[in-house]
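Trainee: I'm new to this structure and would like a close look at just one part of it. Could you pick a spot where two elements meet and walk me through it?

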Amino acid sequence: MKGFGTDKQTMINCLGSRSNKQQQQKQILLPFKTAYRKDLIKDLKSELSGNFETILAMMKTPILFDVREIQEAIQGAGADEACLMAILASCSNKHIWELGPGYQRESKRPWRRSFEATHQGSSSLSQGNRVKAKMWTYCLLQRDVQELHPAGENCLGTEESKFMAILGSWSRAHLVAVSNEYQRTTGRDIKKSICWEVSGDLKQGVLAVVKCLKNTPAFFAEKLNEATREQEQRTGP
């Protein structure tokens with residue numbers, strides 16, 4: 001960063017090859033301050049612009065990063081429900097409980113109250129009360145499938161609250177089993193039913209919950225691929 005311009009490639013190579021834990025354990029931040037008597041994050045803010053500002057996100061803890069993303073999703077004329085649900089669906093209960101205090105410190109707004117104006121989807125997920133049990137019973141499985149099917153394609157009008165009541169409260173193992181049993185019972189993938197019966201941002205949010213619970217790495221790989229393709233369309237190959 002010394003001199004005219006910033007060697008962005010060197011910066012990417014350095015920060016991109018270190019884990020977030022290494023950065024937060026002061027293996028980069030503290031040595032930089034000791035050697036140069038400067039705050040690395042402040043220097044990065046002054047040197048970077050445009051897409052390169054994303055590098056700053058790499059210097060945040062996972063909690064602070066998610067807090068910032070949630071703030072941006074909630075701000076504005078309407079909440080980005082799909083973004084909120086995608087973030088919260090990938091979080092453990094413990095992570096969500098830690099997000100609350102962090103969000104309140106950064107935004108000066110109560111965690112729960114900030115979700116009151118959003119759809120029920122992100123509001124229910126923000127409570128962090130998903131059942132932790134890894135086991136499930138066939139009776140509960142059948143009950144949830146029977147509730148989901150009438151809530152969707154088997155009736156006039158979709159009871160979106162039923163989808164979220166089930167998707168937002170049960171464990172990952174139970175919901176994966178529900179998804180499989182739903183397909184076996186109805187002959188239709190639950191994601192297709194959601195696409196047909198749920199609308200707007202909530203549809204994208206519910207799909208994010210289902211995909212994330214079934215295979216979290218695959219879900220984020222899909223989102224990364226979409227972001228890369230959008231960037232290529234804007235800037236060209």
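**Where two helices meet**

Mentor: Let's go to helix 5 (residues 62–74) and helix 7 (residues 93–107), which pack with their axes 9 Å apart and at an angle of about 65 degrees. Keep in mind as we go that this is a predicted model. The way helix 5 passes helix 7 is a right-handed crossing.

Who does the touching? From helix 5 the contact takes in P62, I63, L64, D66, V67, I70, Q71 and I74, and helix 7 answers with H95, E98, L99, G102, Y103, E106 and S107. Sort the residues of this contact by kind and you get eight nonpolar, four polar and three charged.

Now zoom in on one of those residues, H95, which has its place in helix 7. Is H95 buried or exposed? Its relative accessible area is 16%, and buried means under 20%, so H95 counts as buried. If you set aside the neighbours within four places in sequence, H95 is in contact with P62, I63 and D66. You've met these three already: P62, I63 and D66 are among the helix 5 residues that make the contact with helix 7. With D66 there is something extra to look for, as the side chains of H95 and D66 make a polar contact at 2.8 Å.

Follow the chain on from helix 7 and you come to the loop between helix 7 and helix 8 (120–125), where R113 lies. R113 makes a nice contrast with H95: R113 has a relative accessible area of 55% and is exposed, whereas H95 is buried. Try finding S123 from there too: R113 and S123 are 10 residues apart in sequence, and their C-alpha atoms are 9.2 Å apart in space.

For another buried residue to set beside H95, try Q142 in helix 9 (residues 138–151). Q142 has a relative accessible area of 18%, which puts Q142 in the buried group. Not counting residues up to four places away in sequence, Q142 touches E181, R184 and T185.

One last stop shows how buried and exposed residues can be laid out on a helix. In helix 4 (residues 40–47), the buried residues are L40, D43 and L44. Looking down the axis of helix 4, you'd find its buried residues within an arc of 100 degrees, so they line one face of the helix. Turn to the face pointing away from that buried side and you'll meet the exposed residues K42, K45 and S46.

Terms used: Residues are numbered from 1 along each chain as its sequence is written. This is a predicted model: local features need pLDDT of at least 70, side-chain atom pairs count only at pLDDT 80 or more; totals for chains, interfaces and linings use all residues. Side-chain values use heavy atoms; hydrogens and water are left out. Buried means under 20% relative accessible area, exposed over 50%, partly exposed in between (1.4 Å probe, protein chains only). Helices (H or I, at least four residues) and strands (E, at least two) are DSSP runs, numbered from the N terminus. The arc is that of the directions from the helix axis to the C-beta atoms. Axes are lines fitted to C-alpha atoms, for helices over the stretch in contact, and angles run from 0 to 180 degrees between N-to-C directions. A crossing is left-handed if the near helix is turned anticlockwise from the far one by less than a right angle, and right-handed if clockwise. Contact means heavy atoms within 4.5 Å. Ala, Val, Leu, Ile, Met, Phe, Trp, Tyr, Cys and Pro count as nonpolar, Asp, Glu, Lys and Arg as charged, and the others, Gly among them, as polar. A polar contact is a pair of N or O atoms within 3.5 Å; within protein, one must be able to donate a hydrogen and the other to accept it, and residues adjacent in sequence count only if both atoms are side-chain atoms.
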